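Here's a quick briefing to read with the model open in your viewer. Take a look first, then work through the notes by topic.

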Amino acid sequence: MLKGPRGLLVTLLGAAIIIAGAFYFGFQGQKDDAETSRLFMTHAAAGETAEAHALLSASIREQHSVEDLANLLSGMEVYTDISFPSISFSSSNGSRSTELTGTGTTDSGCESELRFDLRDGVITFFDISPLCRGGASDA
């Protein structure tokens with residue numbers, strides 16, 4: 001066991017490494033969760049509903065089919081600018097929870113408020129308000 005100034009230095013250095021590691025892995029999870037949310041939006045706008053559906057939690061997938069999701073998101077415009085300036089992150093018992101809040105903007109200028117909740121990288125809730133839909137319809 002080191003004592004004196006060297007012991008203090010080793011202890012502080014060890015603590016700094018542990019804290020840096022926690023920040024790195026925590027922020028990496030947030031980055032991955034933001035990317036998962038963007039990927040969901042991209043698949044949904046491209047009509048790749050099965051791929052978007054696969055990013056949802058098992059409980060949501062059981063309650064809502066791919067067809068339900070396709071009907072909900074039909075005609076969705078492509079969001080060319082998606083940002084999540086507000087990210088809330090917590091970890092408990094080895095499980096990571098993230099809440100992302102931000103905006104998405106389409107080329108036509110339509111802007112939506114976005115909210116995604118994820119647990120361990122899987123979407124457990126999403127809200128796109130209002131959903132920007134492309135083109136007018138007479139139907």
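What share of the 139 residues in the protein is buried? Buried residues make up 32% of them. Keep in mind that this is a predicted model. The protein has four helices and four strands, and along the sequence they run in the pattern α-α-α-α-β-β-β-β.

**Nonpolar core**

- The largest nonpolar core holds 24 residues, and F40, L73, F116 and F126 are the ones with the most contacts inside it.
- Five elements are worth colouring here, namely α1 (4-45), α4 (66-73), β1, β3 (111-119) and β4 (122-129), as each gives two or more residues to this core.
- Helix α1 supplies the largest share of the core, with five residues.

**Salt bridge between α1 and β2**

- By the N-to-O distance rule, the salt bridge count comes to three.
- One of these pairs is D33 with R96, where the closest N and O atoms sit 2.8 Å apart.
- This pair links distant parts of the chain, since D33 belongs to helix α1 and R96 to strand β2 (residues 95-106), 63 residues apart.
- Is D33 buried or exposed? D33 has a relative accessibility of 1%, so it counts as buried; the cut-off for buried is under 20%.

**Salt bridges around R115**

- R115 and E99 meet through their side chains in a salt bridge, at 3.6 Å from N to O.
- R115 lies in strand β3 and E99 in strand β2, so this pair ties together parts that are 16 residues apart in sequence.
- R115 also forms a salt bridge with D117, and here the N to O distance is 2.7 Å.
- Through shared partners, salt bridges join E99, R115 and D117 into one network.
- Accessibility varies across this network: R115 is at 31% relative accessibility and counts as partly exposed, E99 is at 32% and is also partly exposed, whereas D117 is at 15% and counts as buried.
- Why does D117 count as buried? The relative accessibility of D117 is 15%, and anything under 20% relative accessible area is called buried.

**Negative surface patch**

- Which residues gather in a patch of negative charge on the surface? They are D81, E111, E113 and D127.
- D81 is part of strand β1, which covers residues 79-92.
- D81 is partly exposed, because its relative accessible area is 45% and that class lies between the 20% limit for buried and the 50% limit for exposed.

**The loop after α4**

- Where does M76 lie? M76 sits in the loop between α4 and β1.
- M76 has 7% relative accessibility, so this loop residue counts as buried.
- M76 and C132 are 56 residues apart in sequence, yet their C-alpha atoms are 5.8 Å apart in space.

Key
Residues are numbered from 1 along each chain as its sequence is written. This is a predicted model: local features need pLDDT of at least 70, side-chain atom pairs count only at pLDDT 80 or more; totals for chains, interfaces and linings use all residues. Side-chain values use heavy atoms; hydrogens and water are left out. Patches are made of residues with over 30% relative accessible area and no salt bridge: like charges are joined within 9 Å, nonpolar side chains (Val, Leu, Ile, Met, Phe, Trp, Tyr) within 5 Å. Accessible areas come from the Shrake-Rupley method with a 1.4 Å probe; for residues, only the protein chains shown count as cover. A salt bridge is a side-chain nitrogen of Lys or Arg within 4 Å of a carboxyl oxygen of Asp or Glu. Lys and Arg count as positive and Asp and Glu as negative; His and the chain ends are not counted. The place of a charge is taken as NZ of Lys, CZ of Arg, CG of Asp or CD of Glu. Buried means under 20% relative accessible area, exposed over 50%, partly exposed in between (1.4 Å probe, protein chains only). A nonpolar core is a set of buried Ala, Val, Leu, Ile, Met, Phe, Trp, Tyr and Cys residues joined through side-chain atoms within 4.5 Å.
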